[in-house]
Amino acid sequence: MTTRDVPAEAGRAGALTDVAGLRVGHAGRAGDGWLTGTTVVLAPEGGAVAAVDVRGGGPGTRETDALDPRNLVQRVEAVVLTGGSAYGLDAAGGVMAWLEEQGRGVRVGPGPGHVVPVVPAACVFDLGRGGDFGARPDAGTGRAAILDAAARESGHAVAEGSVGAGTGAVVGQVKGGVGTAGTVLGSGVTVAALVVANAAGSGMDPRTGVLYGRYFGAEDVRPPSAGVHALARERLAAAAARNVAPPLNTTLAVVATDAALTKAQAQKLAGTSHDGMARAVRPVHLLNDGDTVFALSTGDRALDEADPLALNEVLAAGADMVTRAIVRALLAAESVETPAGSFLAYRDLYQE
């Protein structure tokens, strides 16, 4: 199975960009000691209501306190997901500089340039996976990623796999990456997710080779043959024996909707969306993970005010889309060989 077997809805990208106005850009580098990158989610001009929920024990973040519902900032113009661990958070500076040039951000004075862009960011650990511990994203990488996003049309298809912040991602012993998914609810509300799957835990059932997240999909799950699974385990064990990169990880997600949410409701969405990680990765939220979910609301569709539980449908879908996006990330990832080790992709291990 490949990502082509996970169908998008007719006329839609099956991606975070199904939420109208959101655009996604990637910048990454592989080879010559590099294996890392940055992904930027660019909101419509005027921003999106934003919130965050951090569950991992080793997070690396920037500007997440600004998203607390008790605090001033209501909307953000962009969210940055980046490799490079805490060093890679410098990528947000390049995004912030570009937004300032566009006059986008929290207005703090009378002039058109009197803005302070609030750019929440979170990082995954991929240091040294390309061979050079000092090869990491910087402000230039962030600028390249937001320029990539800004050049896209609303509703564009999103590259998945070993791109952007997923360039150096690993899930357990298997190559990770970027994945995305979207759906339209019966109410007409769109809910979508984009993940950078880079977990310390495994995304794969060791008994069968089935991706955990596929147990929660609509399709019948057919495990690989016993022979293919046995060979895959042997190849993974051999690769693990020569890998020298430390097992410090983190899965990141941006969950978005066009439903009109308050910051408190968006924070609830970020929290319940972690359930999607727990279905697709086992174990999850460990001390050497920094698992973080951002939630964005563009506010184009009002929830049914007569139904106090109308948000529930959005909450459930957010978790479902995170699970689906993690599966897509693992299916789209590509094997890579670096001086630090062999990182084998699921599709290369289990193709029959």
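## Reading helices, cores and odd backbone spots

Me: Let's start with one residue: at 19% relative accessibility, does Val228 count as buried or exposed?

Reply: Buried means under 20% relative accessible area, exposed means over 50%, and partly exposed is in between (1.4 Å probe, protein chains only). Val228, at 19%, therefore counts as buried. Before we go on: this is a predicted model, in which local features need pLDDT of at least 70 and side-chain atom pairs count only at pLDDT 80 or more, while totals for chains, interfaces and linings use all residues. Residues are numbered from 1 along each chain as its sequence is written, and side-chain values use heavy atoms, with hydrogens and water left out.

Me: Which helix is Val228 found in?

Reply: Helices (H or I, at least four residues) and strands (E, at least two) are DSSP runs, numbered from the N terminus. Val228 belongs to helix α3. Its C-alpha is separated by 14 Å from that of Met204, 24 residues apart from it along the chain.

Me: What span should the 17 residues of α3 have?

Reply: For the expected span, take 1.5 Å times one less than the number of residues. Helix α3 (residues 226-242) should span 24 Å, and its end C-alpha atoms are 25 Å apart, which agrees.

Me: Which residues of α3 are buried?

Reply: Val228 has company: His229, Ala232, Leu236 and Ala239 are the other buried residues of α3. Looking down the helix axis, these buried residues fall within an arc of 95 degrees, so they line one face. That arc is taken from the directions from the helix axis to the C-beta atoms. On the other side of α3 you'll find Ala226, Gly227, Glu234 and Ala241, which are exposed.

Me: What covers the buried residues of α3?

Reply: Contact means heavy atoms within 4.5 Å. The cover includes β11 (174-175), β17 (341-343) and α6 (346-349).

Me: Now the cores. How many residues does the largest nonpolar core have?

Reply: In soluble globular proteins, nonpolar side chains tend to be buried together. A nonpolar core here is a set of buried Ala, Val, Leu, Ile, Met, Phe, Trp, Tyr and Cys residues joined through side-chain atoms within 4.5 Å. The largest one has 49 residues, and Val191, Val314, Val322 and Ile326 have the most contacts inside it. Elements giving it two or more residues are β3 (48-54), β13 (190-197), α3, β14 (252-259), α4 (263-280), β15 (292-301), α5 (311-332) and α6. Helix α5 supplies the largest share, twelve residues. Apart from this core lies another, of 30 residues, with Ala43, Val158, Leu252 and Leu296 among them.

Me: Which residues is Val314 in contact with, leaving aside neighbours within four places in sequence?

Reply: Val314 is in contact with Leu185, Val189, Val191, Thr257, Leu269 and Leu303. Leu269 is worth a look from its own side: it is found in helix α4 and is buried, with a relative accessible area of 0%. Not counting residues up to four places away in sequence, Leu269 touches Val255, Thr257, Leu261, Ala295, Val314, Leu315 and Gly318. Leu269 and Leu311 are 42 residues apart in sequence, with 8.7 Å from C-alpha to C-alpha.

Me: What do the buried residues of α4 pack against?

Reply: Their partners are β3, β14, β15 and α5. The buried residues of α4 include Lys263, Ala266, Leu269 and His274. With 18 residues, α4 reaches 27 Å from first C-alpha to last, close to the 26 Å expected.

Me: Where does a cation sit over a ring? Start with what lies over the face of Tyr87.

Reply: The test is NZ of Lys or CZ of Arg within 6 Å of the ring centre and within 35 degrees of the ring normal. Arg136 lies over the face of Tyr87, at 3.6 Å from the ring centre. Over Phe216 lies Arg279, at 5.9 Å.

Me: And the backbone: which residues does a cis peptide bond join?

Reply: Arg282 and Pro283, with omega about -10 degrees. Pro283 lies in the loop between α4 and β15, and that loop is also the place of His285. His285 isn't a glycine, yet its phi is positive, about 60 degrees; it is partly exposed, at 24%. Ser85 also has a positive phi, near 55 degrees. It sits in the loop between β6 (78-82) and α1 (91-101), and at 17% relative accessibility Ser85 counts as buried.
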